[in-house]
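Colleague: Before I use these labels, I want to know what stands behind each one. Can you take me through them?

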Amino acid sequence: MNYTKEQLVNALCAEYDYLCHDDFNPDTDPTLDEYRDEMEELTIEQLIEETSTDEHYTLDEFMERYG
């Protein structure tokens, strides 16, 4: 379960792209590049928190899906 900061950022961006694909609002949602810039500012611990994973939906499952 050791993931690099780059892997976490890439997975979070993949999730964001998936979630915003059909429901993107340019007036309120950051672009994918803006979102990536925001994620790159976070620590690994903060990135893991952003995944919203827990004992029911694990980080490994998140990374398998988006990583």
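The exchange below sets each label against its cut-off.

Modeller: This is a predicted model; local features need pLDDT of at least 70, side-chain atom pairs count only at pLDDT 80 or more, and totals for chains, interfaces and linings use all residues. Residues are numbered from 1 along each chain as its sequence is written, and side-chain values use heavy atoms, with hydrogens and water left out.

Colleague: What makes up the fold, in helices and strands?

Modeller: The protein has 4 helices and 0 strands. Both are DSSP runs: H or I over at least four residues for a helix, E over at least two for a strand, numbered from the N terminus. The order is α-α-α-α.

Colleague: How do you know that the radius of gyration agrees with a compact globule?

Modeller: The rule is 2.2 Å times the number of residues to the power 0.38, and the radius is taken over C-alpha atoms. For 67 residues that gives a value near 11 Å; the protein has 12 Å, so the two agree.

Colleague: Why do Cys13 and Cys20 not form a disulfide?

Modeller: A disulfide needs two cysteine sulfur atoms within 2.5 Å. The sulfur of Cys13 has its closest cysteine sulfur in Cys20, 11 Å away, so the gap is too far for a bond. The search of the whole structure finds 0 disulfides.

Colleague: Why is Cys13 called buried?

Modeller: Buried means under 20% relative accessible area, exposed over 50%, and partly exposed in between (1.4 Å probe, protein chains only). Cys13 is at 3%, so Cys13 counts as buried. Cys20, at 14%, is buried as well.

Colleague: What makes the pair of Tyr18 and Tyr66 tilted?

Modeller: The structure holds 4 aromatic pairs. The ring centres of Tyr18 and Tyr66 are 6.3 Å apart and the planes meet at 55°, so this pair is tilted. Rings of Phe, Tyr and Trp (its six-membered ring) pair if their centres lie within 6.5 Å; planes under 30 degrees apart are stacked, over 60 edge-to-face, and the rest tilted.

Colleague: Which parts does this pair tie together?

Modeller: Tyr18 lies in helix α1 (residues 5–20) and Tyr66 in helix α4, so the pair ties parts 48 residues apart in sequence. Tyr18 is exposed at 54%, whereas Tyr66 is buried at 14%.

Colleague: Why is the pair of Tyr57 and Phe62 called edge-to-face?

Modeller: Their planes stand at 75°, with centres 6.5 Å apart, so the pair is edge-to-face. Phe62 is buried at 0%; Tyr57 is partly exposed at 27%. Ring pairs link Tyr18, Tyr57, Phe62 and Tyr66 into a cluster.
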